[in-house]
Amino acid sequence: MPATIYSHTFPNGLTLIGEPVESRDSAAFNLLIPAGCSLDPVGKFGLANFTCEMTLRGAGSRDNRALVEALDGLGVERGESVGVTQTVFSAACVAEQLHDALAVYADIVRRPHLPGDQLEAGRQVCLQEVRGMEDEPAQKVIEVVRRQHYPAPWGRASHGNVEGIEAVTAADIQRFSAQRYRPDHAILAVAGRFDWDRTLEHVQSLLGDWHVDPMAKEREEDPPPPITHIPLDSSQCHLGLAFNTVPYKHADYFQAWAAVGVLSGGSSSRLFTEVREKRGLCYTVSASLQSQVDRAAVFCHAGTSAERAQETLDVTCQELVRLAEGVTKEELDRLKARVKSSLIMQQESTSSRAASLARDWKHLGRARSLEEVAVAFDAVTAESINAFLKALPPRDFTIVTLGPQPLEAPRGVS
């Protein structure tokens, strides 16, 4: 029997979404706060991430240690992340502890201590994250190609940079938390075993009187040049490419997503087969679709030797362009087999369902059942994908190379 999905938007703008499933022993929630890195001031990139780090150092009546012990005592498996437009707090626990866990997170987002005596410890955590990224060329090249492809501030990396984090003050964090941790456009999605009416009443008591202040909008800037080389004294070379596609809310999203699945989804995908297996050009190659609310792009990465970098770039671009010639039914059948496995696993995980519900509401303004998603994907055919690719073929690539020598852009690529 399909699960029922409930939703309620409070007068302050917070939306609660719930999918109760009585057969589960656990419950999970995702809380999306509209406090992403696109709001970082110039010169203080990393402020949103730094603020998220500090919110977990005491909140409400609990200091740092008591807060950690409270979450551990409730058996909460938790995670935090900062994206371009939001900060996400996720938690999963046994169903009986759901309301107590929600109360702790209400303190975290509304009453964080942001203790000044722990500012430097928090700064070191954020700096280590940035420096860790510098030591990972594959992640670095994707970070740069995203920044090059999207207009600012939409391509920013949430972890910021060393200069920005070192410039952040305690007052900056206090101000960011007070202004950006807010209920309007916030989404709380709950999945698992819980009673909707009791949870709605509980969330009303925790977050219903959350205050709202006016908020300034981000100013969009022109993207930088599309082809960039970053010198690196290494025998290796990393390539990053990007091209536009349709966002999650677009009617053709599943066509775009399936096309990328054919391109890079397992060891029978085109990039893996043509670039790595047949020609032996690289040790890794992949592509993924990344969607924001109003824009989306496909990002590709290949790691290879300096000697084979130019050929790897040429062949990878050829495969991207060749995608517009169409996919086959056999390729789509293999993809659908993998997708069905993924949907079954989502059905088993309350954490995964909570994240999906929150994502749907953010992008679509409504939440979909797994059955609706499965029907929509079953409707995708090789013919529908090919019609989409004909109308919007991969082109106008943004290219970033990280290695000892600059490469030449393949002919016809800009």
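Q: In this predicted model, which strand does helix α8 run at about 155 degrees to?
A: Start with the helix itself: α8 covers residues 196-207. This helix lies across three strands, β1, β2 and β6. The angle of about 155 degrees is the one it makes with β2.

Q: What is the strand order of the six-stranded open sheet?
A: The pairing in this sheet is mixed. Its edges are β1 (6-9) and β4 (77-82), each pairing on one side only, and neighbouring strands are turned by 10 degrees against each other on average, direction ignored. Reading across, the order is β1-β2-β6-β3-β5-β4.

Q: Which residue in β6 is the bridge partner of Pro20?
A: Look at the pair β2 (residues 15-20) and β6 (residues 187-192), which run parallel and are joined by six bridges. Pro20 sits in that β2 range, and its partner over in β6 is Gly192.

Q: How far apart are the C-alpha centres of domain 1 and domain 2?
A: The protein splits into domain 1, residues 6-208, and domain 2, residues 227-403. The two do touch: 33 residues of domain 1 are in contact with 32 residues of domain 2. Centre to centre, the separation is 28 Å.

Q: What area is buried between domain 1 and domain 2?
A: Carbon and sulfur atoms give 68% of it. On the domain 1 side, Val141, His149 and Tyr150 lose the most area, together 22% of what that side buries. The total between the two domains comes to about 2,700 Å².

Q: Which element gives the largest share of the side of domain 1 that touches domain 2?
A: Polar contacts across this interface come to 10 residue pairs, both partners at pLDDT 80 or more. The elements giving two or more residues to the domain 1 side are β1, β2, β3 (26-33), α5 (137-149) and β6. With 10 residues, the largest share goes to α5.

Q: How many salt bridges does the rule find across the interface of domain 1 and domain 2?
A: Arg353 and Glu19 meet through their side chains in a salt bridge, at 2.8 Å from N to O. Glu19 falls in the 6-208 range of domain 1 and Arg353 in the 227-403 range of domain 2, so this pair spans the two by the 4 Å cut-off between nitrogen and carboxyl oxygen. For the interface as a whole, the count is one.

Q: Which residue in β11 is the bridge partner of Gly240?
A: The other open sheet has five strands in the order β7-β11-β8-β10-β9, with mixed pairing. Within it, β8 (residues 236-245) and β11 (residues 398-403) run antiparallel and are joined by five bridges. For Gly240, the partner in β11 is Val400.

Q: What angle does helix α9 make with β9?
A: Helix α9 (residues 253-263) lies across β8, β9 and β10 (296-305). Helix α11 (residues 309-322) also packs on the sheet, touching β8, β9, β10 and β11, and its direction makes about 20 degrees with that of β8. For α9 against β9, the value is about 175 degrees.

Q: Which residue does a cis peptide bond join to Ala152?
A: Most peptide bonds are trans. Here, though, omega is about 10 degrees. The partner is found in the loop between α5 and α6 (162-167), and the residue joined to Ala152 is Pro153.

Q: What is the phi of Leu114?
A: Most residues other than glycine have a negative phi. Leu114, in the loop between α3 (98-110) and α4 (119-134), isn't a glycine, yet its phi is positive, at about 50 degrees.

Definitions and conventions: Residues numbered from 1 in each chain as written. Predicted model: local features only at pLDDT ≥ 70, side-chain atom pairs only at ≥ 80, totals over all residues. Heavy atoms only, no water. Pairing = 2+ DSSP bridges. Helix = DSSP H or I, 4+ residues; strand = E, 2+ residues; numbered from the N terminus. Axes fitted to C-alpha atoms, helices over the stretch in contact; angles between N-to-C directions. Contact = heavy atoms within 4.5 Å. Domains from an automatic or database assignment. Buried area = accessible area lost by both parts, 1.4 Å probe. Polar contact = N/O pair within 3.5 Å; in protein donor to acceptor, adjacent residues only side chain to side chain.
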